[in-house]
Amino acid sequence: MRYNCQRVESLSGGTAEDQRRTLFVDESDKVKSVPHNGMPISDVNEFKVDQPLDHGNGGFGSNGKPAAAAINKDSSKKIEDEAWTLLRNSMVYYCNNPIGTIAANDPSSPGTLNYDQVFIRDFVPSGIAFLLKGEYDIVRNFILHTLQLQSWEKTMDCYSPGQGLMPASFKVRTVPLEGDDYATEDVLDPDFGEAAIGRVAPVDSGLWWIILLRAYGKCSGDLSVQERVDVQTGIKMILKLCLADGFDMFPTLLVTDGSCMIDRRMGIHGHPLEIQALFYSALLGAREMLAPEDASADLMQALKNRLVALSFHIREYYWIDMRKLNEIYRYKTEEYSYDAVNKFNIYPDQIPSWLVDFMPSKGGYLIGNLQPAHMDFRFFSLGNLWSIVSSLATLEQSHAILDLVDAKWEELVADMPFKICYPALEGREWQIITGSDPKNTPWSYHNGGSWPTLLWQLTVACIKLNRPEIASKAIKLAEKRISQDKWPEYYDTKRARFIGKQAQLYQTWSVAGYLVAKLLLDNPSAAKNIVNEEDSELVNAFSCMISSNPRRKRSWKKQILV
């Protein structure tokens, strides 16, 4: 079978053929074929910034001169206009309809690997930018077409993962039409991880898909998409895959290394915070969108139980501040009892020396991972920021996370927002944990690199907590050089002073992340379409768990999971 051009109301699955052409569109909406490794040369010339942008004081203060403010505003507008041009030129068309944006449009790159594909996670900031701009069709098409890819047969070495798995990415290919030597047709070619570096399944794809689906309904007011039978079925398939019973004792989602934005070996296997924050957000969104029916009653109950247990687990055991750090420092080990203080048998010697200086007196964060006898104390930005956005963190914890960001600005932001994690793995630790990965060297890429796309998650979190000045400061810092640097994928070094040594230029989610941040600062009320507010029902259930004694808690947990 072949995934041919059809209306999104009646799609069907199929198999793609391997041709190396992709459809893009320019601003005149004229469809044209372009090389798979970048944008047309004529478009590249449009994006050159011939004169350095004058940013005055960089937005960190006012010298009282109206002329300087006007120059800054004009420069910001030019950067924003350029970003929209880049975003629109990254659009991919399928059967003359917009369906997504490619990962990068770097004409200087000799080899694109898979950057010429549409990635689920990468498209989310692009999709939200279009939603905030009132352009809904591309997001609707993306949601419905990727949904059809979910049901495809996917195998690796004779093994097939669960049906609910969403692809990591897909590519539009133009192939000869069968039986006609002169006609062509578009086909979709998805990758579920069987072609990815490391062959890792994209656990976060389905979670991001649910999050974007909810945002589409709230921004557009069009609830008909989420009410469709095939969409309702798609949501349930993702939930069943995530809520399936296993051997794990924890409510967190167990994944392999490299199954999210950090898609290479970085020691995040187990229960990484990023996955848990997206999981929680997707569960809330699914509960909000699923139509009530008898057949899904058990699924809804399992969903509710998981939300309560997950929020308790993350808030109680992942949280660390100076008080908690001192508590861990004095832990007793080898406790065998239901009321043990050191439930996961964490050894105090695990506390790294850098953390003592990094932890401010005011502020805290959610650690990167928790397993028996192991706490990953690294600060992972996306997980912490999305814990604020999704209300996985309490209101007090959320403010404390931003307090830490503010207090540790030089470490987490410095010359370009935002560190993907802190600190970097170095020396022997880097060799063991990454396998001496030449791309994840210290302070580069996923190992402490700085990613401009994280601007949009930071902005949503800041607006939710009514602290937009933090996001504004980061955006103005990015505007000093991101356009002149040609919108890199990431930056290297502790202070993010170098463009990443293997970074793609004109990276689409760097462009889209900036645009979403700017749009939200201009219209903060729009953030309500993205955030999850704390659920009073979950708060009450959480309070019950806190007040229960260990014996009562154990029997109650057994009761709700049956």
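Biologist: What phi does Asn466 take, just after α16?
Modeller: Asn466 has a positive phi of about 60° there. Remember that this is a predicted model.

Biologist: What makes α16 largely enclosed by the rest of the structure?
Modeller: Count its buried residues. They are 9 of the 10 in α16, so the helix is largely enclosed. The buried ones are Leu455, Trp456, Gln457, Leu458, Thr459, Val460, Ala461, Cys462 and Ile463.

Biologist: Which helices do the buried residues of α16 pack against?
Modeller: They pack against α3, α5, α12, α13, α17 and α18.

Biologist: Take α12 and α16. At what angle do they pack?
Modeller: The angle is about 35°, and the axes are 9 Å apart. The stretches are residues 381-389 for α12 and 455-464 for α16.

Biologist: Why is the crossing of α12 and α16 called left-handed?
Modeller: The name needs the near helix to be turned anticlockwise from the far one by less than a right angle. The crossing of α12 and α16 is left-handed, so the near helix is turned that way.

Biologist: Which residues meet there?
Modeller: From α12 come Leu382, Leu385, Trp386, Ile388 and Val389. From α16 come Trp456, Gln457, Leu458, Val460, Ala461 and Lys464. The residues of this contact divide into 9 nonpolar, 1 polar and 1 charged.

Biologist: Now Ser76, in helix α2. Why is Ser76 called buried?
Modeller: Its relative accessible area is 9%. Buried means under 20%. The value 9% is under that cut-off, so Ser76 is buried.

Biologist: What makes the pairing of Ser76 with Glu479 a polar contact?
Modeller: The cut-off for a pair of N or O atoms is within 3.5 Å. The side chains of Ser76 and Glu479 are joined at 2.8 Å, so the distance fits. The side chain of Ser76 also makes a polar contact with that of Lys518, at 2.6 Å. Beyond neighbours within four places in sequence, Ser76 is in contact with Glu479, Tyr514 and Lys518.

Biologist: How do you know that β3 and β4 pair?
Modeller: Pairing needs at least two bridges. β3 and β4 have 4 bridges, so they pair. They run antiparallel. One bridge partner is Thr101 in β4, for Met91.

Biologist: What phi does Cys95 take in the hairpin of β3 and β4?
Modeller: Cys95 takes a positive phi near 55°. The hairpin has 2 residues between the strands.

Biologist: What makes both faces of β3 count as covered?
Modeller: In a regular strand, side chains alternate between the two faces of the sheet. Met91 and Tyr93 lie on one side of β3, Val92 and Tyr94 on the other, and all are buried.

Definitions and conventions: Residues are numbered from 1 along each chain as its sequence is written. This is a predicted model: local features need pLDDT of at least 70, side-chain atom pairs count only at pLDDT 80 or more; totals for chains, interfaces and linings use all residues. Side-chain values use heavy atoms; hydrogens and water are left out. Buried means under 20% relative accessible area, exposed over 50%, partly exposed in between (1.4 Å probe, protein chains only). Axes are lines fitted to C-alpha atoms, for helices over the stretch in contact, and angles run from 0 to 180 degrees between N-to-C directions. Contact means heavy atoms within 4.5 Å. Ala, Val, Leu, Ile, Met, Phe, Trp, Tyr, Cys and Pro count as nonpolar, Asp, Glu, Lys and Arg as charged, and the others, Gly among them, as polar. A polar contact is a pair of N or O atoms within 3.5 Å; within protein, one must be able to donate a hydrogen and the other to accept it, and residues adjacent in sequence count only if both atoms are side-chain atoms.
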